[in-house]
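Let us read this model together, one feature at a time, with a learner asking and a teacher answering.

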Amino acid sequence: MTTNAPTTIANPSVPATPAVAVSARGLTKQFGNFEAVAGMDFDVYEGECFGLLGPNGAGKSTTIRMICCLTARTAGSLTVLGEPAAPGQRTIKGQLGVVSQEDYLDPALTVRENIEIHGRFYGQSPEVAALRATELLEFMQLDGKTNEQVRSLSGGMRRRLVIARALMGRPRLLVLDEPTTGLDPQARILVWRKVRELKAEGVTVLLTTHYMDEAQRLCDRLVVIDHGRILESGRPRELILRLVGRECLECPDIAPAVVDGLTATLRPEDQAWHEWQSDSWVLFSPNLSAILDRWDTAGIAPSLAYRRPAGLEDVFLRLTGRELRD
Amino acid sequence: MDGVNGMVWPRFTKGALMVFRRDFLSWVKYYKSSVLLNFGEPLTNLLALGFGLGAYVTKMSGDPFVDFIGPGLLAVTAMNAVTFDMSFEAYDRLNENGIYLSMITAPLHPAEIVGGEYLWEACRSLLYGLVFLVVLLPLGIVHSWWALLLPLPLLVTGMLFAGPALWVATAAKNHEQLFYYFTLVVTPMFMFSGVFFPLAHLPVVIRDLILLTPLVHVVNLTRALILGQFPPTLWQDILWIVGYTILFMALPGRRLSRRLTD
């Protein structure tokens with residue numbers, strides 16, 4: 001990174017090398033004989049949105065729980081906001097906001113009470129908590145629901161309230177564990193917008209998600225993990241280009257026999273690889289145009305085929321396979 | 001890390017006060033129905049047994065029957081108010097609605113959650129005990145100004161029964177297992193702790209066994225204060241109550257801590 005580049009318009013107080021918010025080295029967590037996290041190395045820089053992607057049971061939640069000081073690591077080191085993470089680490093927890101997978105809203109309390117009391121858990125005075133709650137209900141567009149019981153809220157509103165609750169303590173690091181699972185598209189878009197706004201304010205965001213479009217939109221960098229290990233890490237765009245290429249050809253509802261005929265025409269210089277994604281056959285190659293010409297000439301071009309940009313979902317499937325996880 | 005090898009004592013911190021506050025806010029929403037639930041049974045017992053059975057059994061160790069059972073039922077009311085909340089409600093806070101799980105993401109220690117719950121249960125015991133006292137007043141069962149001291153034992157009673165119930169809630173795997181606590185512990189204690197009959201004529205072995213349980217001592221103390229009769233062994237009851245309260249206090253901390261941070 002060039003330090004004195006004349007094009008830099010950035011705030012001079014922001015250092016060229018970003019500060020590290022979370023640093024894991026050889027991070028390991030065992031439950032009995034089961035190794036949920038099997039030696040992970042990664043850094044989350046301050047101010048970025050960092051994604052933790054992986055199938056169910058890959059070790060995402062355990063990693064998140066260690067970072068949130070909710071469970072102890074078995075081995076390795078884990079530094080969060082400059083302190084070693086461990087259960088009961090108040091200095092860290094006071095600077096974290098956690099959106100857990102489950103809502104865990106208090107059904108006995110109103111919308112406002114739910115987040116106000118959370119602010120009090122962070123040691124805020126009644127006045128500060130009340131003010132912050134008002135701000136955040138507005139920020140998450142819940143200000144019309146202030147005095148309603150939580151059970152009357154829709155799924156999207158509940159999720160927004162959980163995010164508001166996580167922001168009560170003015171976190172430096174916001175941890176979002178599957179923040180949009182089960183939400184309708186409108187609600188997801190609102191959550192994404194809010195996450196971007198928070199990032200713009202300098203909040204570091206750690207995100208786990210099953211939605212690759214979500215990761216692609218929000219994450220500056222991400223790791224794909226499975227079986228407790230990091231498979232790949234990098235920027236979404238860079239991962240896509242490196243692992244699956246710029247674009248692919250997707251052929252829905254194609255007969256395997258037809259596919260056999262198509263693959264027979266592939267040449268080594270095509271650097272092609274292909275796979276079945278559900279009922280679609282997908283072909284990846286930097287040489288797609290040439291391949292399509294070849295098929296046209298041979299008269300075997302499939303009747304239905306979409307040429308589309310490759311995405312993070314393709315990366316994910318390539319890395320973690322297609323078998324179902326529970 | 002604490003909470004793995006040693007005992008985890010409750011912490012009565014500012015954070016614990018906020019846990020108390022959450023319980024209070026929640027109670028305010030439900031108190032109407034919950035007061036009825038907690039009074040229904042003891043009040044039925046008092047009326048049916050005190051005046052029904054009392055028409056036949058007129059005296060119990062020298063006192064009118066209803067005078068004898070009234071103070072005992074007050075102690076039971078306090079115990080039940082606490083036990084229901086710390087078993088079924090706490091089980092839900094831990095397993096169903098995740099209230100403890102959300103608390104623990106904030107800078108709160110499990111021991112502060114336990115501390116806050118104890119503070120609240122002390123108040124619950126006080127509240128429900130005092131309302132029951134108000135029921136006893138017009139019935140002419142309160143005979144002594146010493147009854148004004150009742151808040152103190154009621155507060156302690158709340159703490160006393162909160163620990164074991166919360167321990168059961170953290171250990172239970174489902175709601176059914178909580179019923180075992182009631183069937184095997186709470187109900188027998190209710191029946192044999194000198195609420196309905198004095199222990200004096202029971203075989204010594206059984207009486208000594210009963211004296212090893214906590215409720216009987218609370219019953220003796222509330223009866224002494226309400227009737228203004230102070231048996232010479234009352235100081236022993238007080239010692240038992242204080243001893244058990246301290247002993248039971250550390251029961252749930254370690255397990256809750258493990259459940260929340262494992």
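Q: Which residues lie nearest the centre of the largest cavity?

A: Rolling a probe the size of a water molecule over the atoms shows where empty space is left. Here a cavity is a set of points, on a 1 Å grid over the protein atoms alone, where a 1.4 Å probe fits but cannot get out, and its lining residues have an atom within 4 Å of a point. The largest cavity is lined by 13 residues, and those nearest its centre are A:Asp106, A:Asn114, A:Ile117, A:Phe121 and B:Ser102.

Q: Before we go on, what kind of model is this, and how should I read the names?

A: This is a predicted model, in which local features need pLDDT of at least 70 and side-chain atom pairs count only at pLDDT 80 or more, while totals for chains, interfaces and linings use all residues. Residues are numbered from 1 along each chain as its sequence is written, chains are lettered from A and ligands numbered from 1 in the order in which they are written, and side-chain values use heavy atoms, with hydrogens and water left out.

Q: What volume does the largest cavity have, and which elements give two or more residues to its lining?

A: A volume is the space filled by probe spheres set on the grid points, which are joined across faces, edges and corners, and for the largest cavity it is about 80 Å³. Helices (H or I, at least four residues) are DSSP runs numbered from the N terminus; H3 of chain A and helix H3 (99-105) of chain B each give two or more residues to this lining, with H3(A) giving the most, four residues.

Q: How many cavities of 30 Å³ or more are found, and which residues line the second largest?

A: The search of the whole structure finds two, and the second largest holds about 40 Å³ of space. Its lining consists of A:Glu113, A:Glu116, A:Ile117, A:Arg120, B:Arg21 and B:Leu25, and H3(A) again gives the most, with four residues.

Q: How many residues does each chain bring to the contact between chain A and chain B?

A: Contact means heavy atoms within 4.5 Å, and on that basis 26 residues come from chain A and 26 residues from chain B. Of the side of chain A that touches chain B, the largest share, five residues, comes from H3(A).

Q: How many salt bridges cross this interface?

A: A salt bridge is a side-chain nitrogen of Lys or Arg within 4 Å of a carboxyl oxygen of Asp or Glu, and the rule finds three across the interface of chain A and chain B. One of them joins B:Lys29 to A:Glu113, with the closest N and O atoms 2.5 Å apart; A:Glu113 is also among the residues that line the second largest cavity.

Conventions
1 Å grid on protein atoms, 1.4 Å probe; cavity = no way out; pocket = protein on both sides within 12 Å on 5 of 7 lines; lining within 4 Å.
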